[in-house]
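Biologist: I should like a close look at a single part of this protein, set against the fold as a whole. Please treat the backbone and the packing together.

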Amino acid sequence: MNRESYDVRRAPTAVPVDGHWEGAAWKDVPALVIARPMGERPPHHPDTRAKLLLEPDALQIIFRVEDRHVRSVHGHQEAVCRDSCVEFFFVPGTDLGDGYFNLETNCGGHMLFHHQLVPRGPAVTISREDCDRIALHHSMPSTVEPEIPGPVVWTLQYRLPLEILSHYAPVTHPEPGVRWRANFYKCADRTSHPHWLTWSIVHRPQPDFHVPEDFGELVFV
């Protein structure tokens, strides 16, 4: 099976949540590439990359997107996947039976954050109190309407406290050698140029992000 793997390094110091893709904390961190189209290759195929770092009590993720046709109109816990959006689906461990988290964030910094035991089954919504503990930086305005034809380069970064996750599912603490299952996506369902891109290949003929058996691996080093 063609499953992607990414080594998550440990941050030597606290990482500022400022969206600086080439900042001191990030400049030497390798990026993963979210480039595989789901279904036919779309006419608009934005260059989308992500980097991860582990702090003692949180996971830091930063995205960089070379985009066009950018839009952001949905708010907190709404269907942000319809906007210009990046997504992180993950199991904080390797047991898919524990369910998975889907953290979807549009370019305006609004997120939908759920935990699901089964794909597309009833979801548990992450509480507003827990979501408010996620420090987040977005380079685009909160609302982007009308759509920007582009080109636009935008970044989005967040600091995800590990303790939040334990409120909803078992968490394997990311000690060296620990593996989590995960996938990363780029989408824009209701823009003028919709597309669905994935990091680790998903074995479905049509776009579907809710396929945990095809998640790749995060390896903490």
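Biologist: In which loop is the place of Thr-191?

Modeller: This is a predicted model, and what follows is computed from it. Thr-191 has its place in the loop that runs between strand E14 and strand E15, the latter covering residues 196-198. With a relative accessibility of 9%, Thr-191 counts as buried, because the limit for that class is under 20%.

The contacts of Thr-191 show what surrounds this residue. When neighbours within four places in sequence are left aside, Thr-191 is in contact with His-69, Arg-71, Arg-82, Asp-83, Ser-84 and Glu-147. Along the chain, Arg-181 is ten residues from Thr-191, yet the C-alpha atoms of the two are separated by 29 Å.

One of these contacts, His-69, deserves its own description. His-69 is found in the loop between strand E5 (58-67) and strand E6 (70-72). Its phi is positive, about 55°, although the residue is not a glycine. For background, a negative phi is what most residues other than glycine have. His-69 is also buried, with a relative accessible area of 13%. A useful counterpart is Arg-120, another residue other than glycine with a positive phi, here near 60°. Arg-120 lies in the loop between strand E9 (111-116) and strand E10 (123-125), and with a relative accessible area of 57% it is exposed.

Another contact of Thr-191 is Glu-147, and the strand to consider here is E12, which spans residues 144-148 and contains Pro-146. The peptide bond between Glu-145 and Pro-146 is cis, with omega about 10°. A second cis peptide bond joins Gly-150 and Pro-151, with omega about 0°; Pro-151 is found in the loop between E12 and strand E13 (152-161). As a general point, most peptide bonds are trans.

The loop of Thr-191 begins after E14, and that strand leads into the surrounding sheet pairings. E14 (residues 179-187) pairs with strand E7 (residues 85-91) in the antiparallel sense over seven bridges. Within that pairing, Phe-88 has Phe-184 of E14 as its bridge partner. E7 also pairs antiparallel with strand E8 (residues 100-106), over six bridges, and there Phe-89 is bridged to Asn-102. E7 is mostly covered, seven of its seven residues being buried. Its two faces are both covered: Cys-85, Glu-87, Phe-89 and Val-91 are buried on one side, and Val-86, Phe-88 and Phe-90 on the other.

E14 has a further antiparallel pairing, with strand E16, over four bridges; in it, Leu-218 of E16 is the bridge partner of Trp-180. E16 (residues 216-220) is mostly covered too, with five of its five residues buried. Gly-216, Leu-218 and Phe-220 lie buried on one side of E16, and Glu-217 and Val-219 on the other. Strand E1 (residues 5-10) pairs with E16 in the parallel sense over four bridges, and Val-8 has Phe-220 as its partner in E16.

On the other side of E14 in sequence, Ala-169 has its place in the loop between helix H2 (162-165) and E14. Ala-169 is buried, with a relative accessible area of 10%. Apart from neighbours within four places in sequence, Ala-169 is in contact with Asp-98, Phe-101 and His-115. Val-153 stands 16 residues from Ala-169 along the chain, and the two C-alpha atoms are separated by 35 Å.

The overall fold gives the setting for these details. The protein has two helices and 16 strands. Its radius of gyration is 16 Å, close to the 17 Å that the globule rule gives for 221 residues, so the protein is as compact as a globular protein of that length. The C-alpha trace spans about 45 × 40 × 35 Å along its principal axes. Of the 221 residues, 51% are buried, Thr-191 being one of the buried residues. Among contacts between residues at least 6 apart in sequence, 68% join residues at least 24 apart. The exposed surface is about 9,500 Å², of which carbon and sulfur atoms supply 51%. Finally, there are 21 positive and 29 negative side chains, and the centres of the two sets lie 4 Å apart.

Note on methods: Residues are numbered from 1 along each chain as its sequence is written. This is a predicted model: local features need pLDDT of at least 70, side-chain atom pairs count only at pLDDT 80 or more; totals for chains, interfaces and linings use all residues. Side-chain values use heavy atoms; hydrogens and water are left out. The radius of gyration is taken over C-alpha atoms; the globule rule is 2.2 Å times the number of residues to the power 0.38. Buried means under 20% relative accessible area, exposed over 50%, partly exposed in between (1.4 Å probe, protein chains only). Contact means heavy atoms within 4.5 Å. Accessible areas come from the Shrake-Rupley method with a 1.4 Å probe; for residues, only the protein chains shown count as cover. Lys and Arg count as positive and Asp and Glu as negative; His and the chain ends are not counted. The place of a charge is taken as NZ of Lys, CZ of Arg, CG of Asp or CD of Glu. Two strands pair if DSSP finds at least two bridges between them.
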